Amino acid sequence: MGFWYFLILLMGIVLLITAFRKQWMPSKKWLASLTGVCMIAFSIFMFQDGSAEIMQQLLNQMNISF
């Protein structure tokens with residue numbers, strides 16, 4: 001599982017770097033930056049101890065089962 005979280009972290013970093021280096025419209029730049037930050041935050045959260053239990057409780061409260 002850690003491999004996938006690391007992959008999400010790398011994709012978020014690449015997305016942030018791409019958003020600041022390319023000459024995009026401000027709306028695209030804002031969306032790409034926000035998506036990159038969310039991906040980085042999610043992957044760092046999932047690397048923490050106990051995050052799987054927190055996600056399990058959250059999904060159970062929303063009545064989502066896998």
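The protein chain contains three helices and zero strands, and its elements follow the pattern α-α-α along the sequence. The structure described here is a predicted model. The overall dimensions of the protein chain depart from those of a compact globule: for 66 residues such a globule would have a radius of gyration near 11 Å, whereas the protein chain has 15 Å. The C-alpha trace spans about 40 × 25 × 15 Å along its principal axes. Of the 66 residues, 20% count as buried. The accessible surface amounts to about 5,400 Å², and carbon and sulfur atoms account for 70% of this area. Among contacts between residues at least 6 apart in sequence, 47% join residues at least 24 apart.

Helix α1 covers residues 2-21. This helix has 20 residues and reaches 29 Å from its first C-alpha to its last, close to the 28 Å expected at 1.5 Å a residue. The buried residues of α1 are Tyr5, Leu9, Gly12, Leu16 and Ala19. These residues cover an arc of only 95° around the axis and therefore lie on the same side of α1. Such an arrangement can be read against the geometry of the α-helix. With 3.6 residues a turn, residues three or four places apart in an α-helix point the same way. The buried residues of α1 pack against α2, while Phe3, Trp4, Val14 and Arg21 are exposed on the other side of α1.

Helix α1 also includes Ile8. With a relative accessibility of 23%, Ile8 counts as partly exposed, because the buried class is confined to values under 20%. Apart from neighbours within four places in sequence, Ile8 is in contact with Met39, Phe42 and Ser43. Two of these partners, Met39 and Ser43, are listed among the buried residues of α2. A further position considered with Ile8 is Thr35: the two residues are 27 apart in sequence, and their C-alpha atoms are 11 Å apart in space.

Helix α2 covers residues 26-47. This helix has 22 residues and reaches 32 Å from its first C-alpha to its last, close to the 32 Å expected at 1.5 Å a residue. The buried residues of α2 are Ala32, Ser33, Gly36, Met39, Ile40, Ser43 and Met46. These buried residues pack against both α1 and α3.

The structure holds two aromatic pairs. In one of them, the rings of Phe3 and Trp4 have their centres 5.1 Å apart and their planes at 75°, so the pair is edge-to-face. Both Phe3 and Trp4 are exposed. In the other pair, the ring centres of Tyr5 and Phe47 are 6.1 Å apart and the planes stand at 85°, so this pair is edge-to-face. Tyr5 lies in helix α1 and Phe47 in helix α2, so the pair ties together parts that are 42 residues apart in sequence. The members of the pair of Tyr5 and Phe47 can also be described by their accessibility. At 14% relative accessibility, Tyr5 counts as buried, whereas Phe47 is partly exposed, with a relative accessible area of 40%.

Helix α3 covers residues 51-61 and includes Ser51. Ser51 has a relative accessible area of 3% and is buried. With neighbours within four places in sequence left aside, Ser51 is in contact with Phe45 and Met46. Of these partners, Met46 is one of the buried residues of α2.

The segment after α3 includes Asn63. Although Asn63 is not a glycine, this residue has a positive phi of about 60°. Asn63 is exposed, with a relative accessible area of 71%, in contrast to the buried Ser51 of helix α3 at 3%.

Note on methods:
Residues are numbered from 1 along each chain as its sequence is written. This is a predicted model: local features need pLDDT of at least 70, side-chain atom pairs count only at pLDDT 80 or more; totals for chains, interfaces and linings use all residues. Side-chain values use heavy atoms; hydrogens and water are left out. Helices (H or I, at least four residues) and strands (E, at least two) are DSSP runs, numbered from the N terminus. Buried means under 20% relative accessible area, exposed over 50%, partly exposed in between (1.4 Å probe, protein chains only). Contact means heavy atoms within 4.5 Å. The expected span of a helix is 1.5 Å times one less than its number of residues. The arc is that of the directions from the helix axis to the C-beta atoms. Rings of Phe, Tyr and Trp (its six-membered ring) pair if their centres lie within 6.5 Å; planes under 30 degrees apart count as stacked, over 60 as edge-to-face and the rest as tilted. The radius of gyration is taken over C-alpha atoms; the globule rule is 2.2 Å times the number of residues to the power 0.38. Accessible areas come from the Shrake-Rupley method with a 1.4 Å probe; for residues, only the protein chains shown count as cover.
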